[in-house]
Structure formats: C-alpha cells, structure tokens
2 protein chains.
Amino acid sequence: MRVLVTGAAGFLGRLVVQELRQRGALLVDGREMPVTGLALADIDADALQAMAGGQADVALLPGPVDAPDTLAWLRAEVPELVIHLAGAVSGACEADFDLGMRDNVQAMIALIDACRGAGNAPVMVFSSSVAVFSCDANETLHETTLPAPRSSYGTQKLICELMLRDATRKGFLRGRAVRLPTISVRPGKPNAAASSFASGIIREPLAGQDAALPVRPDLRLHLASPECAVRSLLQAAALEQVALEGETTITLPGISVRVEEMIAALREIAGAEAAARIRPAPDPQIEAIVASWPGAIETPRAHALGFAADDGVETLVRNHIARTGAA
Amino acid sequence: MRVLVTGAAGFLGRLVVQELRQRGALLVDGREMPVTGLALADIDADALQAMAGGQADVALLPGPVDAPDTLAWLRAEVPELVIHLAGAVSGACEADFDLGMRDNVQAMIALIDACRGAGNAPVMVFSSSVAVFSCDANETLHETTLPAPRSSYGTQKLICELMLRDATRKGFLRGRAVRLPTISVRPGKPNAAASSFASGIIREPLAGQDAALPVRPDLRLHLASPECAVRSLLQAAALEQVALEGETTITLPGISVRVEEMIAALREIAGAEAAARIRPAPDPQIEAIVASWPGAIETPRAHALGFAADDGVETLVRNHIARTGAA
C-alpha cells in the first residue's frame with residue numbers, strides 16, 4: 001500500500017516516517033499490509049529532500065497540504081492510508097487568524113475532497129488536540145465532555161474533526177481523529193507556546209541549560225511522550241472502522257502529572273544538579289492559560305479501543321534521553 | 001442602524017423583515033436603536049424585487065451570501081446587525097455535499113471575514129438547528145448534550161456555530177447562534193424533508209387536503225411556531241453580549257409534542273372532519289429518521305436568557321390560521 005504523511009518533516013512526522021520504514025508493514029483498518037510506497041508532504045522543501053534518503057519508493061510533495069501536486073498525487077495514486085499531521089500550531093493560529101483558517105480548515109476541506117476523488121475511501125488519521133477542551137481550574141474532564149475551545153487553534157481542530165466524521169459517514173474516507181495530549185518531551189528549541197515549559201523543564205536541564213518554570217508546581221498536565229503519540233496514531237490507523245461506531249474522534253489517554261512530579265523524575269534520573277537548573281519564573285499569563293487546560297482526562301472509550309498512555313512520568317524523561325542521547 | 005438579512009425571501013426571512021418594518025426600532029446588544037436601513041440578500045432575485053415594495057431605504061442584494069456585492073455592501077455600509085438565515089437545507093445538503101459546504105460553511109467564512117472587514121463588530125444572529133443533535137430513540141436531551149450530528153446539514157450548522165463563537169472571541173463580530181427547533185406549521189408545500197409531515201398534518205387538512213402520516217403517533221417532536229422562531233431570533237439580537245459569557249450558541253426552547261397531540265389540537269380547533277384528513281401511511285425510513293431526533297430538549301440556560309417556547313400545541317395551529325387565513 002501507499003501511505004501519504006503530511007507534515008512529514010515535523011517532529012511527529014519524522015518519527016512516524018521512521019516507524020513506517022522500520023515496520024515495513026502496517027495494520028490498517030484491521031488488515032496487515034506492506035508499505036510499498038511513501039509520499040511525504042511538508043511545507044519545508046529542504047527538510048523533505050533530506051528525508052528522502054535517496055530511496056526510489058518515496059514521493060516528495062513540498063508545499064502546503066492543498067498544493068495542486070499533493071492533491072493530484074492523492075487522486076492519482078490512491079493511497080490506502082493518509083496520516084495528516086500538517087497544520088498551523090496554536091500560537092501561530094492565535095496570532096494570524098487567516099493562516100489557521102487556511103492551513104487547518106481549508107487544507108482539510110481540500111484533503112477530504114481529494115480523498116473522495118481517489119475513490120477508495122482511504123483511511124485518514126488526523127492529529128487533533130486536547131486544545132478542543134477548556135476548563136476553569138485545571139480540573140479533570142472526561143472524553144465525552146462538551147468541547148469549548150478558547151483558541152482559534154482548538155476551534156479549527158474541532159471543525160476538522162467534525163468534517164472528518166461527516167466525510168466518514170458519507171463514505172469519502174475512513175476517518176480517525178486523535179486528540180493528542182500535550183507532548184513532553186518535544187525535541188527542539190523553546191518556543192512562544194504556553195506549553196513550551198512542559199518540555200523545556202526536562203529538555204534544557206538534560207542539555208546542561210537552565211529552564212524557566214512559569215507556573216505553580218502543583219498544576220497538572222495531561223501528557224504523552226512523542227513515542228506514545230506515534231504509537232497512538234498508528235493504533236488509530238489499525239482500528240477496524242466498525243469499532244468506532246460512527247464516532248471518529250478519539251481522545252487519547254495521557255498521564256496526569258503535576259509539574260513537581262516532572263521535576264522529581266528529572267532529579268531521580270539525571271540528578272539534583274539537573275533539577276536545580278529549573279528556575280521558578282512565575283508568569284501569571286502563562287499560568288492562567290495552563291490552568292484553563294484539563295489537569296486530567298478520563299478516557300475509557302480510548303482504553304477499550306486499545307490506546308494506552310505512557311507508563312509513568314519517568315518514561316517521558318527516559319524516552320527523550322534514549323531518542324536524543326541527552327545526559 | 002442598518003440591518004442585513006440573508007435568506008430574506010425565505011419563509012423565516014419574510015417574517016423577520018415584516019417584523020423589522022413593523023417595529024421600526026430594535027434592541028440590539030442591550031441598546032434600543034431605530035432601523036434606518038435594510039439590506040435584503042437572497043438567491044431568489046425576483047422574490048427580493050417583490051419584497052422591496054418601492055421603499056428607498058431598502059438595498060437588494062440578489063445572489064449567494066458570499067456574492068462580491070453582498071460582501072462589499074457589508075464592508076462599506078457597516079451594519080449594526082446581520083441576521084444570517086440563508087443556507088442550504090437538510091435534504092439538499094445530504095443530496096449534494098458540495099452545495100452544503102459552499103452555501104453553509106464557505107458562505108459563513110466569507111460573511112465572518114466581511115464583518116471583520118466592516119470593523120464595527122456587528123451583532124450577527126445565525127439560524128442554526130437542533131439537527132446538530134442526534135439520539136437513539138426519541139429521548140429527552142439537554143442543551144449541553146454533546147452534539148453528534150448524523151447529517152451533513154447538522155455537521156455544517158455545528159461548524160458554523162463554532163466559527164461564530166471563535167469570531168466573537170476574536171472581536172470580529174458579536175455572534176449569537178440559535179438552534180431552531182423543528183418549525184411547525186411551515187407555510188408552503190410539502191417537501192422531501194423527513195420533517196415535512198410535522199407541518200403537513202396541520203397545514204394540509206386546514207386547506208381541505210389530505211395529509212400522510214408516516215410515523216407512529218406516539219413519537220415526540222421538539223417544536224416551535226414560525227412566530228416563536230422569529231421572536232427568538234430578535235431576542236438573540238437583543239441580548240447583551242456579556243450575558244452569553246463567551247458561549248454564543250443557544251438551544252431554543254420548544255414544546256415537546258406527541259404527534260397524536262398535534263392531531264388532537266387540530267381536531268379541537270378545526271373539527272373532526274379536518275383531523276380525518278390525516279391518513280396513516282407508515283414509512284419505516286422516515287420513522288427511523290424522526291426517532292433519531294430528540295423528543296424533548298431541556299433548555300434552562302435559554303430560559304434564563306429570556307427565550308420562551310410557544311405556550312402549547314394549539315398555538316402552533318392558531319398561529320398558522322392567523323397568518324394564512326386558513327380554515
């Protein structure tokens with residue numbers, strides 16, 4: 001089967017592609033199928049080029065998801081599986097409303113239309129986000145809680161979920177939207193996102209650098225490691241469509257972790273010196289945003305469908321060390 | 001103030017325009033304001049022309065909502081209030097997916113963008129629908145029930161609600177999406193909609209014609225008269241934005257009525273002969289669709305915001321007689 005990965009040069013995209021290459025075959029809608037061709041789409045043409053690795057079975061589709069070449073590839077090559085990870089991130093969507101509507105909403109409309117044109121009802125796994133939820137004070141939500149996004153990003157992800165759900169009902173594709181927890185530890189550099197610290201307080205100390213802690217240590221986060229996120233995306237592809245019973249959105253399990261528990265895990269694994277590199281730098285604005293995120297989400301349906309969270313906060317730290325060779 | 005009504009030539013649009021002309025002034029976001037200019041948009045150019053009535057203060061905007069002239073009018077004339085009723089209806093959206101995406105979703109995106117361009121954050125009242133909900137067996141839902149639409153129409157209405165909510169948060173406009181109950185008695189002819197009988201079993205007998213009853217008489221419907229719907233749309237315009245607390249979607253109260261109660265009311269008001277014109281014609285397909293609609297919806301928030309249902313099933317019948325002179 002052919003597989004299209006959008007946002008392939010992003011940090012999750014890279015891990016997904018790596019996993020697809022290692023596995024060689026994949027369960028898709030309950031059937032084991034060999035991966036015979038990969039198409040990688042990403043806005044970053046140079047990064048894509050570097051990912052091809054001289055392999056003949058890889059099609060490169062630089063540009064936005066709704067670039068004519070990408071949509072034409074989909075219609076002509078009729079992939080069995082589309083893993084749609086591309087999209088504008090939360091900070092960018094809030095700063096530039098039009099960007100988010102274009103790269104998230106309009107891109108999804110075009111992608112659904114191309115899948116419909118392909119005619120084989122491909123399986124589409126879409127990376128949504130727990131940002132569709134909001135709460136008052138970091139409380140515990142349930143996967144069936146009414147989403148009430150407080151950001152354009154969360155709104156757009158929810159709109160995409162709904163479009164995927166209806167396109168599945170119409171038989172245009174076989175959709176599965178997975179709401180990813182906050183990812184920790186993200187590779188790369190700190191950024192302007194309110195969630196940046198949730199990776200920074202592990203990543204930076206392991207690299208011998210200081211990290212700022214803008215929030216109260218007793219705030220809770222619903223977290224998953226990048227490895228858990230990738231495993232879950234592929235588990236979503238594997239599911240038999242009938243198991244979803246028409247409800248194509250799945251809120252992924254995460255581990256509910258207090259910030260102070262993350263620091264304790266870092267201390268346990270990398271020592272007191274590493275933990276001491278975390279410097280309290282209270283930022284009421286960031287604290288308010290983080291407090292509007294659920295501190296935990298109960299996900300019995302996702303568990304019943306075979307999804308599982310990381311087995312503990314230490315795993316977040318150890319996965320990062322194993323992947324990057326840090327510390 | 002200037003007021004734009006889209007879908008102005010539709011049956012609700014006509015009643016809204018009539019009401020605006022009669023009242024002359026309107027509460028909008030808590031402030032009483034005189035209506036100094038009306039703009040009427042509708043796909044039906046001839047019907048629009050007939051509605052102008054030679055009045056100089058009426059701008060006619062024939063064509064779809066996102067026609068360049070309509071969007072330019074919005075940006076240039078800066079209306080205080082937009083009542084957005086235009087849209088593809090449920091049967092049409094199910095038969096023609098692209099039509100629904102264009103006339104419902106893309107039209108809303110363009111309308112929001114034009115409101116943003118107007119720069120005055122106009123109040124926008126949007127007619128959504130209880131079709132965003134679904135249920136298993138005609139049960140009672142609550143206004144906070146998680147919407148799970150089973151139609152492209154319901155999905156698209158929900159998407160529009162979410163866009164309106166985010167556009168309000170961003171300050172582009174002041175949105176209020178009202179989920180209309182099933183309307184009874186709709187004027188006009190029977191149509192292919194599953195809900196057609198909910199008006200037909202009153203309207204046709206009052207006009208001396210037979211009406212088919214495709215469903216069990218003990219099924220319940222969440223209903224509102226056209227007059228109640230119009231009153232609710234204008235009540236939504238009147239609300240102070242702060243009263244919505246960021247949640248711009250309002251599920252309107254309706255009366256929960258068994259089909260047999262509708263028939264009894266018709267018999268009471270128009271006599272046994274009229275009621276005898278209703279002929280049982282069981283249609284399992286229509287019955288299954290109607291059973292997937294809520295039999296009642298609890299709406300405490302809407303009541304607290306000042307919305308009210310009709311005062312009984314007899315009112316549905318009497319409103320129709322008063323409006324049309326039937327019987």
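The exercises below, each with a worked solution, concern the predicted model shown above.

In this predicted model, local features need pLDDT of at least 70 and side-chain atom pairs count only at pLDDT 80 or more, whereas totals for chains, interfaces and linings use all residues. Residues are numbered from 1 along each chain as its sequence is written, and chains are lettered from A, and ligands numbered from 1, in the order in which they are written.

**Exercise 1. Find which rotation superposes chain B on chain A.**

Copies are superposed by least squares on the C-alpha atoms of residues with pLDDT of at least 70 in both. Chain B falls on chain A after a rotation of 180 degrees, with 0.0 Å of shift along the axis and an RMSD of 0.0 Å. The two copies are thus related as by a two-fold rotation axis.

**Exercise 2. Describe the side of chain B that touches chain A.**

Begin with the contacts, which require C-beta atoms, placed from the backbone, to lie within 7 Å: 12 residues of chain B are in contact with 13 residues of chain A. Next, take the elements, where helices (H or I, at least four residues) and strands (E, at least two) are DSSP runs numbered from the N terminus. On chain B, α5 (97-118) and α6 (152-169) are the elements that give two or more residues to this side, and α6(B) supplies the largest share, 6 residues. Then sort the residues by character, with Ala, Val, Leu, Ile, Met, Phe, Trp, Tyr, Cys and Pro counted as nonpolar, Asp, Glu, Lys and Arg as charged, and the others, Gly among them, as polar; the division is 7 nonpolar, 3 polar and 2 charged. Finally, 100% of the interface residues of chain B are also interface residues in chain A, so the copies meet through the same surface.

**Exercise 3. Work out how strand β1 of chain B is covered and paired.**

For coverage, a residue is buried if 20 or more other C-beta atoms lie within 10 Å of its own, exposed if 12 or fewer, and partly exposed in between, with C-beta atoms placed from the backbone. Strand β1 (residues 2-6) of chain B is mostly covered, 4 of its 5 residues being buried. For pairing, DSSP must find at least two bridges between two strands. β1(B) runs parallel to β4 (residues 37-42) of chain B, joined by 5 bridges, and B:Thr6 stands opposite B:Ala41 there. β1(B) also pairs in the parallel sense with β6 (residues 81-84) of chain B, over 4 bridges, with B:Leu4 opposite B:Val82.

Definitions and conventions. Contact = placed C-beta atoms within 7 Å.
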